[in-house]
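Visitor: I'm new to this one. Could you walk me through how to read it?

Guide: Sure, let's bring it up.

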Amino acid sequence: MAIEITQRLDARNLSCPMPIVKTAVAIKGLAPGQLLEVLATDPGSVKDFAAWSSTTGNELVEQGVEDGVYRFVLRRK
Amino acid sequence: MTVMTAPEKLDELLDEEARGAAPDPAPAPETSGSTKTSSVILIAESGDLEKTWATTILASTAAASGMQVSIFFTFWGFMALVRPEKRLVGENWMQKMLSVMNRPGIDHLKLSRLNFMGMGPWMMNRLAKQYGVAKPGELLEMAMAMGVKILPCQMSMDMFGLKREDLIDGIEEPVGAATVLGMIAEGTPALFI
């Protein structure tokens, strides 16, 4: 099933806690069920996004890394 | 002693993000790291650059995670609430001298070690820029935009001779220790920073 990204957020070159803070703000603009894609370069974001997803209930649908850029896809709760 | 989970009364105040982490009425074991807390109060006492940095990082991240966050600014920590452009504050000579020796405002904090007359903070700010780290002032602004409540300590405000117009906008009315302890008594965990 192809996934449809509603919004993209560039959090590259930002350090903790900015990727999470920006994600939290951005995801509020989505309707429940819509997807947000976040790009980050902070290596700590791998664990941080998993923790944030479990705390807030916004599902981490996909994640990966390519050329040092981490990619997270989150579904708005 | 057991760690109390947030009571039902607090639950009503929570926004939809936090409601997913609804508190379990059963007391959690003291060592539990998995308990989901829905509120936190940070007590910003030190006023040190590095600790205020930690305070604002925790506050903004907690707000981003759907938690109800308050920061109680007291004593040296209170200086972070003074408008950064203010130079001389206070009513009498002692208070005025204090503000000269210890320049108020979140943009003028000192490191608790390696301050070197301001060399340390200057280097920290350069490093922060280089590594994309947001500064305490920026983090506090964002935290407040996300609904973090800023509670100024009435006693510090009085003792330093500060007036409401000396302080930044968007903060709550000054409160005392009883307000902070009231929140703790209701189950909100507190961090003294």
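Guide: Start where A:Ile20, A:Val21 and A:Ala24 in helix 1 of chain A meet B:Ser60, B:Thr61 and B:Ala64 in helix 3 of chain B. Residues count as in contact if their C-beta atoms, placed from the backbone, lie within 7 Å, and helices are DSSP runs (H or I, at least four residues) numbered from the N terminus. This is a predicted model, where local features need pLDDT of at least 70, side-chain atom pairs count only at pLDDT 80 or more, and totals for chains, interfaces and linings use all residues. Residues are numbered from 1 along each chain as written, with chains lettered from A and ligands numbered from 1 in written order.

Visitor: How many residues of chain A are in contact with chain B?

Guide: 14 residues of chain A touch 15 residues of chain B. Helix 1 of chain A gives the most to that side of chain A, with four residues.

Visitor: Which residues are buried in helix 2 of chain A?

Guide: Buried means 20 or more other C-beta atoms within 10 Å of a residue's own, with C-beta atoms placed from the backbone. In helix 2 of chain A, that fits A:Ser45, A:Asp48, A:Phe49, A:Trp52, A:Ser53, A:Thr55 and A:Thr56. They cover an arc of only 165° around the axis (using directions from the helix axis to the C-beta atoms), which puts them on the same side of helix 2 of chain A.

Visitor: Why would residues a few places apart point the same way?

Guide: An α-helix has 3.6 residues a turn, so those three or four places apart do.

Visitor: What comes just after helix 2 of chain A?

Guide: There, A:Gly57 takes a positive phi of about 85°.

Terms used:
A residue is buried if 20 or more other C-beta atoms lie within 10 Å of its own, exposed if 12 or fewer, and partly exposed in between; C-beta atoms are placed from the backbone. Helices (H or I, at least four residues) and strands (E, at least two) are DSSP runs, numbered from the N terminus. Two residues are in contact if their C-beta atoms, placed from the backbone, lie within 7 Å.
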